[in-house]
Amino acid sequence: MRIATWNVNSIKQRIENLTAWLKERSPDIVCLQETKTVDDAFPREPLEALGYNVAIHGQKTFNGVAILSKLKFDEVTPRLPGDDADDHARFIEATVSTDRGVLRVASIYLPNGNPPDTDKYPYKIRWMDRLAKYAHERLQLEEPLILAGDYNVIPTADDVHNPAVWTKDALFLPQTRSKFRALTSLGLTDAIRAVSDDKGLYTFWDYQAGAWQKNWGIRIDHLLLSPQAADRLTGAGIDKHVRSWERPSDHVPVYADFAIEAV
DNA sequence: ATGGCCAATATGATTGGA
């Protein structure tokens with residue numbers, strides 16, 4: 001079972017890159033973020049033509065998440081619990097059936113939080129608290145659980161080209177990193193860090209200032225695994241080459257492989 | 001760190017991204 005996450009920065013602008021990458025990497029389940037469209041306008045057909053079931057939770061203009069799955073969905077649930085007034089489309093969870101029982105996958109688009117001196121930062125922190133509460137509850141189910149998405153968190157100084165530049169950014173502030181550690185400390189494993197201690201593993205390069213050409217990247221897209229998923233992890237990687245394609249997203253796909261099979 | 005981008009929106013200047 002191969003499970004991936006990709007912030008596509010508009011599903012409509014990225015549909016050709018997405019289908020090309022799906023053919024190349026053949027993931028079984030894909031979590032998408034920043035689809036940036038209402039559900040009625042989501043391009044389902046080219047994805048269904050490749051054998052994917054499509055679960056979407058979008059909104060006009062901004063945000064938007066989706067899950068693609070070659071396995072049939074058993075349950076699909078949009079919205080992160082904990083704040084009924086939060087109308088941003090940033091979370092969708094689905095379950096599928098496997099030889100290890102229920103496999104639960106969530107596609108997550110955690111708020112950016114910049115600039116930190118506005119109400120955007122406390123919204124990010126509250127969202128992280130809600131995510132930790134949700135994760136704590138889900139972990140008690142003792143299922144294979146994968147929380148995959150754009151976390152907008154640079155976990156450590158090894159995950160950014162020049163840490164000093166980012167010290168006052170919402171993605172790297174001490175409180176942000178502390179909240180991320182609180183999340184992983186519940187018992188979640190960062191799939192990429194389970195397979196590599198290398199520096200320079202990035203998932204995002206800004207469109208501006210030649211960031212890609214200079215490799216000024218950051219690692220902010222993560223797959224966090226419950227113990228029951230981490231125990232079955234066989235590999236993980238970042239498809240960096242996708243950033244060099246025509247009309248790229250500023251993020252690239254991240255994937256992990258598991259010794260878990262469809263039934 | 002920024003000279004340099006990109007996407008959506010009743011299409012022209014703004015907002016959001018990270």
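Author: A polar contact is a pair of N or O atoms within 3.5 Å. The model is predicted, so that local features need pLDDT of at least 70 and side-chain atom pairs 80 or more, while totals for chains, interfaces and linings use all residues. Residues are numbered from 1 along each chain, chains are lettered from A and ligands numbered from 1 as written, and side-chain values use heavy atoms, without hydrogens or water.

Reader: How far is an N or O atom in the side chain of Gln13 from a phosphate oxygen of DNA strand B?

Author: Glu34 places a polar side-chain atom 2.8 Å from a phosphate oxygen of DNA strand B, whereas Lys214 has one 2.7 Å from a base oxygen of that strand. For Gln13, the distance to a phosphate oxygen is 3.0 Å.

Reader: What percentage of the atoms of DNA strand B within 4 Å of the protein belong to sugar or phosphate?

Author: The strand is surrounded by 29 residues (each with a heavy atom within 4 Å), and the closest include Glu34 and Lys214. Of the strand atoms within that distance of the protein, some belong to bases, but the share from sugar or phosphate is 66%.

Reader: Which residues of helix H4 are buried, and why do they line one face?

Author: Helix H4 (a DSSP run of H or I, at least four residues) spans residues 174–184. Seen down its axis, the C-beta directions of its buried residues (under 20% relative accessible area, 1.4 Å probe, protein chains only) fall within an arc of 55°, so they line one face. Helix H3 (120–139) is among the elements covering them, with contact meaning heavy atoms within 4.5 Å. The buried residues are Thr176, Phe180 and Leu183.

Key:
Buried means under 20% relative accessible area, exposed over 50%, partly exposed in between (1.4 Å probe, protein chains only). Helices (H or I, at least four residues) and strands (E, at least two) are DSSP runs, numbered from the N terminus. A polar contact is a pair of N or O atoms within 3.5 Å; within protein, one must be able to donate a hydrogen and the other to accept it, and residues adjacent in sequence count only if both atoms are side-chain atoms.
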